[in-house]
Amino acid sequence: MERRTHDQAQARVRNRRASTARTVTMLALAVGAALLLSACGEQKPYSHISPVTENARDIQFLYKIIFWMALIVFIGVQALITYTALRFRRRNEDRPEQIHGNKRLEIAWTIIPALVLLVIFIPTAQTLYDFDAAAEEGEMEIDVYGKQWWWEIHYPGIQVAGAQGQQPLVTANEVRIPQGTEVVFNLRSNNVIHSFWVPQLTGKMDVIPGHNNRLAVAGDAPVGEYWGECAEFCGAAHAWMRFKVIVEPRENFDAWVAAWQQPPPVDADPSTGDVVDVPPSFLNCIACHNVSGTMAQVAGQGLTADPKSQSAGPNLTLLGCRDMIAAGLLPNTAEGLKTWLMHTNEVKEGVYMPNYTEEPYNLTEEQVDEIVAYLLQLKPAGGRPPEQPVGGVAAGD
Ligand code: CUA
């Protein structure tokens, strides 16, 4: 009987050793996988690990410090736990020596984390101050309004022809900036808190009602397209609040601005105000969407006290020059636009735009096709301004 109990105890010890070995192997594999992943050079547009500007590299540097320190702490803690578990495991019924308090240990585990935090804090504070200083002034100011769930982009320094005379260029979800220009974004909201984040270009900054938060992008961004997204939960369609920053050669940017100065290809009759060449069904849209230079110029924009500016949708001027609709959810093609108009609330749950094919609007498929055709030709007479030479995400260093 005693012999059997002894054998069982031996077996338990062997099992425990095998399980310890398995745990150590798993840990080693996990650390190895983390190291392997951190060494990957693949471009990740929504991550700090593919910076293309000095600003983004500053942030990546902080990320690296924290990553490696966290890894060292993790490995150290795991090693100590493993050592303690093995070295002091229960061998017999005796109570081990009981200790209360150890000044040296307590001082050590107070000072070491304080040093770790100091090593993280100093460069972080330095970077924060550098970013604030850079946002003091730029060559070009761009106002960004966080909406639910898309971005309204104003160029206060660029005046274009509107129905009520000259007005700032207003577009949505695609921010074009000329290469080599220091840009300062003024981040504003009149609804909830959003967060503006283009990780390859610069830091992340909250967009808070009642504040004007400023965020700089230095002029060293290479020509290319950089994806951004809202990084603060802001309601149902938060995950579909994407945008793009398009850094393009100065002449391409100028061509795009010039396109805004041209009269739109279709317009209202100025003597009567009647909309001509526009499908009558589009009149459903103009309560919320503006088309500069046409009579579709009634929706509120920016931060006006007008409550309409809270629920208004993106400015549709030169929509034909954009790559995507619904804040990055669908391509700006006939198919994409039709899908959007036929299945609005299924495609983007929570969206404020009603589905116009349902009650009480009951647009027919033919009417939707007419609207789509009208929207697609909202581009300059000479066609869409040239694209930047580099397509997709630009290469990092
Ligand atoms: Cu806007 Cu999340």
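Trainee: What share of the 397 residues in the protein is buried, and how do you know that a residue belongs in that group?

Mentor: Buried residues make up 41% of the 397 residues in this predicted model, and a residue is placed among them when its relative accessible area is under 20%. Beyond that, the protein has eight helices and twelve strands, and it exposes about 21700 Å², of which carbon and sulfur atoms supply 60%.

Trainee: Why is Asn55 called buried?

Mentor: Asn55 has a relative accessible area of 13%, and since buried means under 20%, Asn55 is buried. This residue lies in helix H2, which covers residues 54-87. If its neighbours within four places in sequence are left aside, Asn55 is in contact with Phe131, Leu201, Thr202, Ala216, Val217 and Ala218.

Trainee: What makes Glu137 exposed?

Mentor: The relative accessible area of Glu137 is 62%, and the cut-off for exposed is over 50%, so Glu137 counts as exposed. Glu137 is found in the loop between helix H3 (103-134) and strand S1 (140-147). On the surface, Glu137 gathers with Asp132, Glu136, Glu139 and Glu182 in a patch of negative charge.

Trainee: How do you know that Glu93 and Arg90 form a salt bridge?

Mentor: Their side chains meet at 3.0 Å, N to O, and because the limit for a salt bridge is 4 Å between such atoms, the pair of Glu93 and Arg90 qualifies. Glu93, at 68% relative accessibility, counts as exposed, and Arg90, with a relative accessible area of 62%, is exposed as well. A search of the whole structure finds ten salt bridges.

Trainee: Why is the contact between Arg250 and Asp254 called a salt bridge, and how are the two residues placed in helix H4?

Mentor: The closest N and O atoms of Arg250 and Asp254 are 3.6 Å apart, which is within the 4 Å limit, so the pair is a salt bridge. Arg250 and Asp254 are separated by about one helical turn because they stand four residues apart in helix H4 (residues 250-261).

Trainee: What makes Arg250 and Asp254 partly exposed?

Mentor: Arg250 has 40% relative accessibility and Asp254 has 38%; partly exposed covers what lies between the 20% limit for buried and the 50% limit for exposed, so both residues are called partly exposed.

Trainee: Which residues do salt bridges with shared partners join into one network?

Mentor: Glu225, Lys244 and Asp323 are joined in this way. Within that network, the side chains of Lys244 and Glu225 meet at 3.1 Å, N to O. This pair links distant parts of the chain, with Lys244 in strand S10 (residues 242-248) and Glu225 in strand S9 (residues 224-230), 19 residues apart. Both Lys244 and Glu225 are buried.

Trainee: What makes Ile107 part of a nonpolar patch, and which residues form that patch?

Mentor: A patch takes in residues with over 30% relative accessible area and no salt bridge, and nonpolar side chains are joined within 5 Å. The nonpolar patch on the surface is formed by Ile107, Ile111, Leu115, Leu118, Phe121 and Ile122, with about 610 Å² of accessible area together. Ile107 has its place in helix H3.

Trainee: Among contacts between residues at least 6 apart in sequence, what share joins residues at least 24 apart?

Mentor: The share is 66%, where a contact means heavy atoms within 4.5 Å.

Terms used. Residues are numbered from 1 along each chain as its sequence is written. This is a predicted model: local features need pLDDT of at least 70, side-chain atom pairs count only at pLDDT 80 or more; totals for chains, interfaces and linings use all residues. Side-chain values use heavy atoms; hydrogens and water are left out. Patches are made of residues with over 30% relative accessible area and no salt bridge: like charges are joined within 9 Å, nonpolar side chains (Val, Leu, Ile, Met, Phe, Trp, Tyr) within 5 Å. Accessible areas come from the Shrake-Rupley method with a 1.4 Å probe; for residues, only the protein chains shown count as cover. Lys and Arg count as positive and Asp and Glu as negative; His and the chain ends are not counted. The place of a charge is taken as NZ of Lys, CZ of Arg, CG of Asp or CD of Glu. Buried means under 20% relative accessible area, exposed over 50%, partly exposed in between (1.4 Å probe, protein chains only).
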